[in-house]
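Subject: Structure handover

Hello,

Here is the structure I promised to pass on. My notes follow below it.

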Protein chains: 2
Amino acid sequence: MSATIEFWFEFASSYSYPAALRIEQAAQAGGVAVEWRPFLLGPIFRAQGYDSSPFVQYPAKGRYMWRDIERLCAQQGIAFRRPSSFPRTSVLGARLAAAYAGEPWVSGFVRALYRANFEHDRNIDAPEVVREVLAAAVPDAAARIDAAQAEPLKQRLRENTEQAQALGLFGAPSFRVGDALSGYELFWGNDRLDDALAWAQHRHPLQC
Amino acid sequence: MSATIEFWFEFASSYSYPAALRIEQAAQAGGVAVEWRPFLLGPIFRAQGYDSSPFVQYPAKGRYMWRDIERLCAQQGIAFRRPSSFPRTSVLGARLAAAYAGEPWVSGFVRALYRANFEHDRNIDAPEVVREVLAAAVPDAAARIDAAQAEPLKQRLRENTEQAQALGLFGAPSFRVGDALSGYELFWGNDRLDDALAWAQHRHPLQC
């Protein structure tokens with residue numbers, strides 16, 4: 001049984017972008033499997049009393065974040081252009097990623113949809129943009145979109161979001177590793193991806 | 001002229017603790033001088049509409065933070081015990097560190113006061129605790145406390161806090177590097193200390 005990392009992400013989340021682009025390769029290098037767990041931050045922020053992203057509500061924090069993301073992407077060697085609209089979520093994109101999380105094309109679709117927003121400044125909230133990105137990843141895009149918007153698949157994203165809330169997630173990206181026997185560890189933020197992967201591989205390398 | 005890193009910290013701040021304990025050694029290894037810039041987060045949080053630390057206002061975030069700090073301290077090999085009271089600021093400690101920021105004993109005093117709170121769970125808001133920690137760092141503690149609580153030295157902490165707000169700081173620890181000619185870069189969070197030091201040494205190693 002190989003080690004697994006749950007990757008909890010929201011398409012609107014700026015710090016999820018660099019994490020999404022590198023997690024699969026980084027995990028494979030360490031023999032760790034990725035579980036793709038898209039969720040919606042909106043209900044979680046609202047439960048905390050936020051009306052929007054903290055980066056919108058606190059302008060100083062928002063200004064800093066954009067510069068920080070720019071530096072991080074440069075370090076990581078990935079393209080970045082500040083989206084003309086933020087936060088730009090993608091309920092359809094998240095539904096698709098949740099519905100088909102186990103299929104091999106999903107990781108490529110997730111990366112492409114993140115790049116549409118954070119590299120090409122496209123409106124990933126528009127169904128036609130999602131359809132186009134999906135069509136490049138898998139042959140039967142139209143049928144998959146129909147299925148993902150109907151029960152039972154539509155329910156998957158709601159389940160993820162409810163589980164995120166139950167797990168105490170409060171932001172994205174978040175990573176969960178471990179198992180029911182030895183316990184789970186939660187890591188929050190793009191900065192913690194490597195720590196989470198190390199934990200997944202060696203269980204408790206950081207234990208006090 | 002050697003490179004400099006401004007270290008903006010608040011004694012109550014949990015993530016400032018591991019940064020405070022390692023910054024001097026890390027900076028020296030890279031030939032970078034540390035400017036100690038204590039400030040108060042209270043006025044900055046209040047200006048953002050927070051009544052207390054975000055870790056108190058958002059319990060899920062607070063629970064995560066304590067576990068994360070525990071892991072970070074274990075990684076860094078420093079002792080940590082969760083304080084029985086949080087946030088525990090130290091206006092007197094911050095006044096002293098601001099008033100005597102240029103003196104060679106200040107770095108040791110700052111580390112000792114952080115350890116009093118985050119290793120020994122002592123009430124650093126109590127003047128007698130600060131006096132004891134100061135007395136271990138410098139001979140004429142009583143006279144220095146008197147001077148730090150009177151003008152003109154008392155003003156230094158207020159100036160730092162006002163400058164922090166003017167610079168757009170929104171949390172601690174923060175690091176500022178650069179100069180007036182080529183511009184300044186702001187880094188937020190213990191996670192960014194190494195990036196800030198690299199920037200201070202090479203100016204723009206992360207430039208796009």
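A pocket here is an open set of grid points where a 1.4 Å probe fits, with protein on both sides within 12 Å along at least five of seven lines. Please keep in mind that this is a predicted model.

**Second largest pocket**

The second largest pocket has a volume of about 450 Å³. Its lining counts 19 residues. Closest to the centre are Asp191(A), Arg192(A), Asp191(B), Arg192(B) and Asp194(B). Both chains contribute helices to this lining. From chain A, helix H4 (59-76) and helix H10 (193-202) each give at least two residues. From chain B, helix H4 (59-76) and helix H10 (193-202) each do so too. By class, 10 of the lining residues are charged, six are polar and three are nonpolar.

**Arg37(B)**

Look next at strand S2 (residues 32-38) of chain B, which holds Arg37(B). Is Arg37(B) buried or exposed? Its relative accessible area is 13%, under the 20% cut-off, so Arg37(B) counts as buried. The side chain of Arg37(B) makes a polar contact of 3.2 Å with the side chain of Asn160(B). Beyond its neighbours within four places in sequence, Arg37(B) is in contact with Glu6(B), Phe7(B), Trp8(B), Phe9(B), Asn160(B) and Gln163(B).

**Aromatic pairs**

Over all chains, the structure holds 44 aromatic pairs. One of them joins Trp8(B) and Phe39(B). The ring centres are 5.9 Å apart and the planes stand at 75 degrees, so this pair is edge-to-face. The pair links distant parts of the chain, with the two positions 31 residues apart. Trp8(B) sits in strand S1 (residues 3-9) of chain B. Phe39(B) sits in the loop between S2 and helix H2 (41-47) of chain B. Both partners are buried: Trp8(B) has a relative accessible area of 0%, and Phe39(B) has 1%.

In chain A, ring pairs build a cluster. Its members are Phe7(A), Phe9(A), Phe11(A), Tyr17(A), Trp36(A), Tyr114(A), Phe118(A) and Phe175(A).

**Tyr58(B)**

Last, the loop between helix H3 (54-57) and H4 of chain B, where Tyr58(B) lies. Tyr58(B) is buried, with a relative accessible area of 8%. Which residues does Tyr58(B) contact, leaving aside its neighbours within four places in sequence? They are Gln48(A), Tyr50(A), Tyr58(A) and Tyr50(B).

Best wishes

Conventions: Residues are numbered from 1 along each chain as its sequence is written. Chains are lettered from A and ligands numbered from 1 in the order in which they are written. This is a predicted model: local features need pLDDT of at least 70, side-chain atom pairs count only at pLDDT 80 or more; totals for chains, interfaces and linings use all residues. Side-chain values use heavy atoms; hydrogens and water are left out. On a 1 Å grid over the protein atoms alone, a cavity is a set of points where a 1.4 Å probe fits but cannot get out, and a pocket is an open set with protein on both sides within 12 Å along at least five of seven lines; lining residues have an atom within 4 Å of a point. Grid points are joined across faces, edges and corners, and a volume is the space filled by probe spheres set on the points. Helices (H or I, at least four residues) and strands (E, at least two) are DSSP runs, numbered from the N terminus. Ala, Val, Leu, Ile, Met, Phe, Trp, Tyr, Cys and Pro count as nonpolar, Asp, Glu, Lys and Arg as charged, and the others, Gly among them, as polar. Buried means under 20% relative accessible area, exposed over 50%, partly exposed in between (1.4 Å probe, protein chains only). A polar contact is a pair of N or O atoms within 3.5 Å; within protein, one must be able to donate a hydrogen and the other to accept it, and residues adjacent in sequence count only if both atoms are side-chain atoms. Contact means heavy atoms within 4.5 Å. Rings of Phe, Tyr and Trp (its six-membered ring) pair if their centres lie within 6.5 Å; planes under 30 degrees apart count as stacked, over 60 as edge-to-face and the rest as tilted.
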